[in-house]
Structures are given as structure tokens and as C-alpha cells.
Amino acid sequence: MTVRPIVISGDPVLHSPATPVTSFDAELRKLIADMYETMDEAPGVGLAAPQIGVPLRVFVYDYPADDGTARRGVAVNPELFISPTPVSEPTEADDEGCLSFPGERFPLIRADKAILRAHDENGAAFEIECEGWFARIMQHEFDHLNGLLYVDRLAHAEAKQAEKARKTNGWGKPGLSWMPGVDDLDG
Ligand code: ZN
């Protein structure tokens, strides 16, 4: 397993829809192992393949339940069904972050419930029902596979702040990345 550099906002791989996986082979399993390793090292609660420069419809997640039960897995070629997104003012409790927009957090209203249908690394289909932050993570990672970052969904005021952060950090161009465990960044 190898920790891979995480691509930063501005690279086309993050802003284009990813391609479905067609073979559940050793190469896919190696990719998934690297994604777990990279997510853990970052550390993050989720990571999508485009974030390590691979334009495939795969994401990993690791978000234990309140009672400590592990919720760690991989979603290959996922579908996501969400409850209606509430219309309300975001608060600090809605602050979201992204390893591809590192060190920044902005509030975003998300749907509270989601159903994930996907395949695991061996091609077996599964379904999970999610609520609260777990549902948020699924929406965030699923967005990555469609070329969307959470900052693309922000309301006007927060979008302006995100744009400012992008400029201040010198992001928004191809080829930028950071290395978990080496570069001192988080998000
Ligand atoms: Zn992200």
C-alpha cells in the first residue's frame, strides 16, 4: 500500500465526471488499498479516486457510528438517493472540509438522509442507509465522482470566501497536490 499525493482544486481530474469501473481486478484492489492508506494518513473521513488523480467511480469512507461501531468501506460505481435538502441558513455545525481544498472549512446544507447502492472491491452489490454526518460524507464523496467539490455548492457569501481562499492559496490551476504525512496541511 502506498500513500499517494492528494490533488488540489484546479486540476481537471477534480472537475470532470469520473468513469465507471469495468473490471474488479488486482489493479482495482491496489487502487483501493492505496486510497485507504492515503485517507488514513491525511487523515480524512472519505476519499474519492479523482482526489489521487484516478478518474474512476470509486470512493472510500471511514466514519464510526456514535456507539463506536466501525463504518469503513469502499463504494465502486455508486448510486446515491437523498432526502430533500432542507432550505435553511447554514450554521457552524454544517462546516464541511475537503482534502482537495485543504485547511479550509465552509458551511453547507446537505440532505439529512441518503441511501448508498454500490459494489465492493470484489464486485458484490450492497446498500447502506445513512443519516446526519454519515449521509453528508456520502454526498460529498459522490459529488467528487461527478466532478463537483463542496465549494461548488456553497451559497453566495460562502462561495465568495472560498474563491478568496483559492486565490490566497494560489490554487485553481492544474498539477497542484500535497502529500499526507509530509506536508503540514489538513482539511
Ligand atoms: Zn472532498
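Among contacts in the chain between residues at least 6 apart in sequence, what percentage join residues at least 24 apart? The value is 70%, where contact means heavy atoms within 4.5 Å of each other.

This is a predicted model, in which local features need pLDDT of at least 70 and side-chain atom pairs count only at pLDDT 80 or more, whereas totals for chains, interfaces and linings use all residues. Residues are numbered from 1 along each chain as its sequence is written, and side-chain values use heavy atoms, with hydrogens and water left out.

**View 1. The whole chain, with three helices and nine strands.** Helices (H or I, at least four residues) and strands (E, at least two) are DSSP runs, numbered from the N terminus. Read from that terminus, the elements follow one another as β-α-β-β-β-β-β-β-β-α-α-β. The radius of gyration is 16 Å, close to the 16 Å that the globule rule gives for 187 residues, so the chain is as compact as a globular protein of that length; the radius is taken over C-alpha atoms, and the rule is 2.2 Å times the number of residues to the power 0.38. Along the principal axes, the C-alpha atoms fill a box of roughly 45 × 35 × 30 Å. Of the 187 residues, 45% are buried, a word that stands for under 20% relative accessible area, with exposed meaning over 50% and partly exposed in between (1.4 Å probe, protein chains only).

**View 2. An open sheet of five strands.** The strands lie in the order 2-3-4-7-8, and their pairing is antiparallel. Strand 2 (46-48) and strand 8 (125-131) are at the edges with a single partner strand each, so one side of each has no neighbour in the sheet. From one strand to the next, the twist averages 40°; such angles run from 0 to 180 degrees between N-to-C directions, along lines fitted to C-alpha atoms, for helices over the stretch in contact. Two strands count as paired if DSSP finds at least two bridges between them. Strands of a sheet pair through backbone hydrogen bonds, either parallel or antiparallel.

**View 3. Strand 2, strand 3 and the helix that packs on the sheet.** Strand 2 and strand 3 (residues 58-62) run antiparallel and are joined by three bridges, and Ala 48 has Phe 59 of strand 3 as its bridge partner. Helix 1 (residues 26-41) packs on the sheet, where it touches strand 2, strand 3 and strand 4 (72-82), and its direction makes about 40° with that of strand 3. Strand 3 is in turn paired with strand 4 over five antiparallel bridges, and here Val 60 has Val 74 as its bridge partner.

**View 4. Strand 7, its partners and its two faces.** Five bridges in the antiparallel sense pair strand 4 with strand 7 (residues 113-119); Val 76 stands opposite His 119, and Phe 81 has Ile 115 as its bridge partner. Strand 7 and strand 8 run antiparallel over seven bridges, with Leu 116 opposite Ile 128. In a regular strand the side chains alternate between the two faces of the sheet. In strand 7, Ala 114, Leu 116 and Ala 118 make up a covered face, whereas Lys 113, Ile 115, Arg 117 and His 119 make up an uncovered one. Five residues lie between the strands in the hairpin of strand 7 and strand 8, where Gly 123 has a positive phi near 95°.

**View 5. The zinc ion and its protein donors.** Cys 98 (SG), His 140 (NE2) and His 144 (NE2) are the protein donors, at 2.1 to 2.2 Å from the ion. Donors are N, O and S atoms within 2.8 Å of the metal (3.2 Å for Na, K and Ca), and water is not among the atoms, so sites may look incomplete. Along the chain the donors follow the spacing C-x41-H-x3-H. Distant parts of the chain are linked here, as Cys 98 is in the loop between strand 5 (95-97) and strand 6 (105-107), while His 140, 42 residues away, is in helix 2 (residues 132-145). Both Cys 98 and His 140 are buried.

**View 6. The surroundings of Lys 173.** Lys 173 is in the loop between helix 3 (156-169) and strand 9 (177-178), and with a relative accessible area of 45% Lys 173 is partly exposed. Setting aside neighbours within four places in sequence, Lys 173 is in contact with Ser 9, Gly 10 and Asp 11.
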